[in-house]
Amino acid sequence: MLRISAGLYKGRALAAGSDPQVRPTMARVKLSFFDSVQEGIRDSIFLDGFSGSGHIGIEALSRGAEYVVFIDQLPEAVAVLRKNLDKIGIESDHYRIICGDFNRSVIQLAKEGFQFDYIYLDPPYDLLEVANPLKVVFKRGIYKADGLIVLERRGSTRFDAKYFERWRSKEIGREALDFYRPFPPTPATQTK
């Protein structure tokens with residue numbers, strides 16, 4: 001069982017599901033992320049990409065996020081996520097669940113004008129060997145100018161985001177968190 005570590009719903013248990021394709025973020029990785037951002041979560045708009053059972057986004061809601069969008073393409077994971085949200089009793093006007101492909105979902109969110117303060121991505125680790133989930137985030141501009149993008153990966157996987165500045169990386173056991181932000185504007189882009 002996973003537990004919410006802080007905030008309004010602290011101590012509440014969350015189901016992880018039994019699908020072997022769903023790999024919940026380890027508690028110490030989750031705590032490391034939330035310790036890094038501290039109170040910045042309060043009143044934020046948060047994207048939980050590749051959300052699985054949703055415990056990162058639910059933790060964000062517990063800590064005061066205003067709104068969370070959950071994206072996962074596995075119907076089994078989304079069913080567990082819905083069960084977790086219902087069990088805790090979180091009002092549906094504080095979140096949105098998208099069961100679908102990550103890239104297509106981001107494209108749709110961009111069309112709707114979404115911009116996020118925090119984007120947390122926990123893709124299947126093997127995906128990072130063949131794809132860059134940050135590319136669509138960059139191309140569709142779904143982050144605020146001062147937004148933070150965090151990618152969870154296997155520590156042994158070398159990953160170059162290209163589109164964002166990695167300003168911090170934390171190794172937590174066999175996992176790692178990479179913290180990205182938009183590149184600072186260059187003098188040429190400031191005059192446009």
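Trainee: Why is Lys30 called buried?

Mentor: In this predicted model, Lys30 has a relative accessible area of 4%. Buried means under 20%, so Lys30 is counted as buried.

Trainee: What makes the contact of Lys30 and Glu59 a salt bridge?

Mentor: The side chains of Lys30 and Glu59 meet at 3.2 Å, N to O. A salt bridge requires a side-chain nitrogen of Lys or Arg within 4 Å of a carboxyl oxygen of Asp or Glu, and the pair therefore qualifies. Lys30 lies in helix H1 (residues 27-37) and Glu59 in helix H2 (residues 55-62), 29 residues apart, so the pair links distant parts of the chain.

Trainee: Is Glu59 buried or exposed, and how do you know?

Mentor: Glu59 has a relative accessible area of 0%. With the limit for buried at under 20%, Glu59 is buried.

Trainee: What makes Lys30, Glu59 and Arg63 a network?

Mentor: Glu59 meets Lys30 in one salt bridge, and the side chains of Arg63 and Glu59 meet in another, at 2.8 Å, N to O. The three residues are thereby linked in a network of salt bridges. Arg63 is buried as well, with a relative accessible area of 17%. A search of the whole structure finds nine salt bridges.

Trainee: Why is Lys144 called partly exposed, and what is said of Asp117, with which Lys144 forms a salt bridge?

Mentor: Lys144 has a relative accessible area of 27%, which falls between the limits of 20% and 50%, so the term is partly exposed. Asp117 counts as buried, at 17% relative accessibility. In their salt bridge the closest N and O atoms are 3.3 Å apart. The pair links distant parts of the chain, with Lys144 in strand E7 and Asp117 in strand E6, 27 residues apart.

Trainee: Which strands stand at the edges of the sheet, and why?

Mentor: The open sheet has seven strands in the order E5-E4-E3-E6-E7-E9-E8, with mixed pairing. Strand E5 (95-99) and strand E8 (165-172) each have a single partner strand, so one side of each is left without a neighbour in the sheet. The twist averages 15° from one strand to the next.

Trainee: How do you know that E8 and E9 pair?

Mentor: Two strands pair if at least two bridges are found between them. E8 and strand E9 (residues 175-181) have seven bridges, in the antiparallel sense, and therefore satisfy the definition. In one of these, Glu165 has Arg181 in E9 as its bridge partner. Helix H5 (residues 133-140) packs on the sheet, touching strand E6 (116-121), strand E7 (143-154) and E9. The direction of H5 makes about 175° with that of E7.

Trainee: How do you know that the length of helix H3 agrees with its number of residues?

Mentor: Helix H3 (residues 75-88) has 14 residues, which at 1.5 Å a residue should span 20 Å. The end C-alpha atoms are 20 Å apart, so the two values agree.

Trainee: Why are the buried residues of H3 said to line one face of the helix?

Mentor: Seen down the axis of H3, the buried residues fall within an arc of 160°, so they line one face. They are Ala77, Val78, Val80, Leu81, Asn84, Leu85 and Ile88. These buried residues pack against strand E2 (13-14), H2, strand E4 (67-72) and E5. On the other side of H3, Lys83 and Asp86 are exposed.

Trainee: What follows H3?

Mentor: Gly89 follows, with a positive phi near 90°.

Technical notes
Residues numbered from 1 in each chain as written. Predicted model: local features only at pLDDT ≥ 70, side-chain atom pairs only at ≥ 80, totals over all residues. Heavy atoms only, no water. Helix = DSSP H or I, 4+ residues; strand = E, 2+ residues; numbered from the N terminus. Axes fitted to C-alpha atoms, helices over the stretch in contact; angles between N-to-C directions. Contact = heavy atoms within 4.5 Å. Buried < 20%, exposed > 50% of the residue type's maximum accessible area, 1.4 Å probe, protein only. Expected span 1.5 Å × (residues − 1). Arc of directions from axis to C-beta.
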